[in-house]
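Reader: I'm new to this one and would love a close look at a single part, the biggest open space, plus whatever is built around it. Could you show me the whole thing before we zoom in?

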Amino acid sequence: MTEVLGVSVGASAVRMARPDARPQNSGRLGFHHDTVDAYWDRAEELAAESIGVVLSQSSDAGSVQATGVAYRDQQQFGEIQQAMASQRLYNYRLVPEARAALQYLEASGELGHFGTIGLYDLGSSGLTISVIDRGTGQVLLAERTIDISGDDFDRLISDNQLAKQGVDIADNQELSQFTARCRVAKEQLSTSGAVCLPGDGGVILISREAFESLVTVPIEYSARLVRDVIGRSPKHVDALVLIGGGARIPLVESILGAWIGLPIITPADPESVAARGAALLATPVADAPRQPPPPGVRQSSSGPASPSGPASLSGPASLSGAPDWLTPEPAADKPADSTRKVRGAVLVAGGLVAVAALSLSLGYGGGSTQPTSAPAETTVPITAVPTTPRSTVPPTSAPPTTTVPPTTEAAQAPARTYSEPEYVPPPAPAPAPPPLIPGLPQIQLPQIQLPPPPVFQLPRF
């Protein structure tokens, strides 16, 4: 028998639901639930790994042939696609959480005669408020906030307990473990009046009244948001449905009922409503409408996208046995040694040809008396490497002493004679510039030639 699997990906847990083939005594469809804690791993990657494990296992009733995965927003849509592609899983269908929740609520018959409903989804990472038209299945209005979340409630309990004990935990890992224990205490307070949890970080002792006093203000804040969204809805909202882990807190239902003034519906196991609806919407990919791949993914016409990138949702995959787990891609083949040898042979051959051409142009090579020149174009075979050209001289022999008669025009030209150049006296030095008087404008004074001194001749006696 063909089975289906529904998965919801929350920030703190991955929940999986499989419909029971036999209905319950009440006539409603039953589900088998599994929950995987995602506090220490990325929820999307953990969901893909969990789906792979479930698909690899076979049951008595048959193997899972269709999987539906509920996503919260467009960002999570892409993250789930990448995580599923890393596990090489392609036979799945992504559905919005609001649509999955509506599908289950319709199948369970809990909506009654209400036409337009409001969906209050309080999870560990935030609150999503949606208005859905049952007739068309269209989401008329939706808003999300992270100002109130289940994680905030856990931190409020943690701060309260640490303040009472007078303990300050500086280590982040110990603080995370203590907060996780506070989450367990919060879940137990949904059905108990008080909780006492001993542990390494101290005893957690808190009553429901103390817990409600801590979370009253955030819940009232969420009620204002719900009232604002309902007031802006294009259609009148007939009822409010509470889903998510936060719907288990009794104070949430009482405050919303008082503030909103609408009928409040809280289904059983509200945190797994999206997973159950995703299971009801799961169909094999071959029969499901094609969904576009995420941006930046090139889809091959011959099959699914490469596992190195995000996966296309339309490619079928065989799920009869174990899933095709991610394997490293084979490395590209390196160049063969023969290629490197051929390249080296070409370089050696080219060098030898150049030496041969140079030696021929200089007149070497067996006493040749004819002028030679290098060929215009030389072709070097790649398959064979010449060892020693005929025109080259072994490196151990001395250069030949044969005199080559000149045959060119330069050699036939008559020899030039050079004679000793005649002595040319150096030119006379230029006359000195006229003197300049410092401190005065640069005025050139004419040169004055003084007459020769007179020659006095003494009289002769």
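How many helices and strands are there in the protein chain? And which elements give two or more residues to the lining of the largest pocket?

Author: Sure, one caution before the tour. This is a predicted model, so local features need pLDDT of at least 70 and side-chain atom pairs count only at pLDDT 80 or more, while totals for chains, interfaces and linings use all residues. Residues are numbered from 1 along each chain as its sequence is written, and side-chain values use heavy atoms, with hydrogens and water left out.

To your first question: the protein chain has 10 helices and 12 strands (DSSP runs numbered from the N terminus, H or I of at least four residues for a helix, E of at least two for a strand). The chain holds 461 residues, and 36% of them are buried (under 20% relative accessible area with a 1.4 Å probe, protein chains only; over 50% is exposed, and in between is partly exposed). Of the contacts with a separation of 6 or more, 64% link residues 24 or more positions apart (a contact means heavy atoms within 4.5 Å).

Now for the open space itself. The largest pocket has about 790 Å³ of space (on a 1 Å grid over the protein atoms alone, a pocket is an open set of points with protein on both sides within 12 Å along at least five of seven lines, a cavity is a set where a 1.4 Å probe fits but cannot get out, and lining residues have an atom within 4 Å of a point). It is lined by 41 residues, and the closest to its centre are R15, G123, G244, G245 and E271. Your second question takes in both strands and helices: two or more residues come from each of β1 (3–9), β2 (13–19), β3 (31–37), β6, α4 (150–165), α5 (172–188) and α8 (273–281). Helix α4 gives the most, four residues. Sorted by class, the lining has 16 polar, 14 charged and 11 nonpolar residues.

Let's follow β1, β2 and β3 outwards. They belong to an open sheet of five strands, ordered β3-β2-β1-β4-β5, with mixed pairing (two strands pair if DSSP finds at least two bridges between them). Strands β3 and β5 (93–96) stand at the edges with a single partner strand each, so one side of each has no neighbour in the sheet. Ignoring direction, neighbouring strands here are turned by 25° against each other on average (axes are lines fitted to C-alpha atoms, for helices over the stretch in contact, and angles between N-to-C directions run from 0 to 180 degrees). Seven bridges join β2 and β3 in the antiparallel sense, and R18 has H32 in β3 as its bridge partner. Helix α1 (43–56) packs on this sheet, touching β1, β2, β3 and β4 (64–71), at about 165° to β1. Helix α8 packs on the sheet as well, touching β1, β2, β3, β4 and β5, with its direction at about 140° to that of β1.

Strand β6, another of the lining elements, leads to a second sheet. This one is open too, with five strands in the order β8-β7-β6-β11-β12 and mixed pairing. At its edges are β8 (138–145) and β12 (264–265), each with a single partner strand, so each is left with one side lacking a neighbour in the sheet. Helix α3 (97–108) lies across β6, β7 (127–133), β8 and β11, at about 115° to β6. Within β6 (116–122) sits T116, which counts as buried because its relative accessibility is 5%. T116 and V237 are 121 residues apart along the chain, yet 5.1 Å separates their C-alpha atoms.

That leaves helices α4 and α5, which also help line the pocket. In α4 you'll find D154, buried with a relative accessible area of 2%. Leaving aside neighbours within four places in sequence, D154 is in contact with Y39, T179, C182, R183 and K186. Helix α5 holds R181, which counts as buried at 19% relative accessibility. Beyond four places in sequence, the contacts of R181 include L197, D200 and I204.

How values were computed. Grid points are joined across faces, edges and corners, and a volume is the space filled by probe spheres set on the points. Ala, Val, Leu, Ile, Met, Phe, Trp, Tyr, Cys and Pro count as nonpolar, Asp, Glu, Lys and Arg as charged, and the others, Gly among them, as polar.
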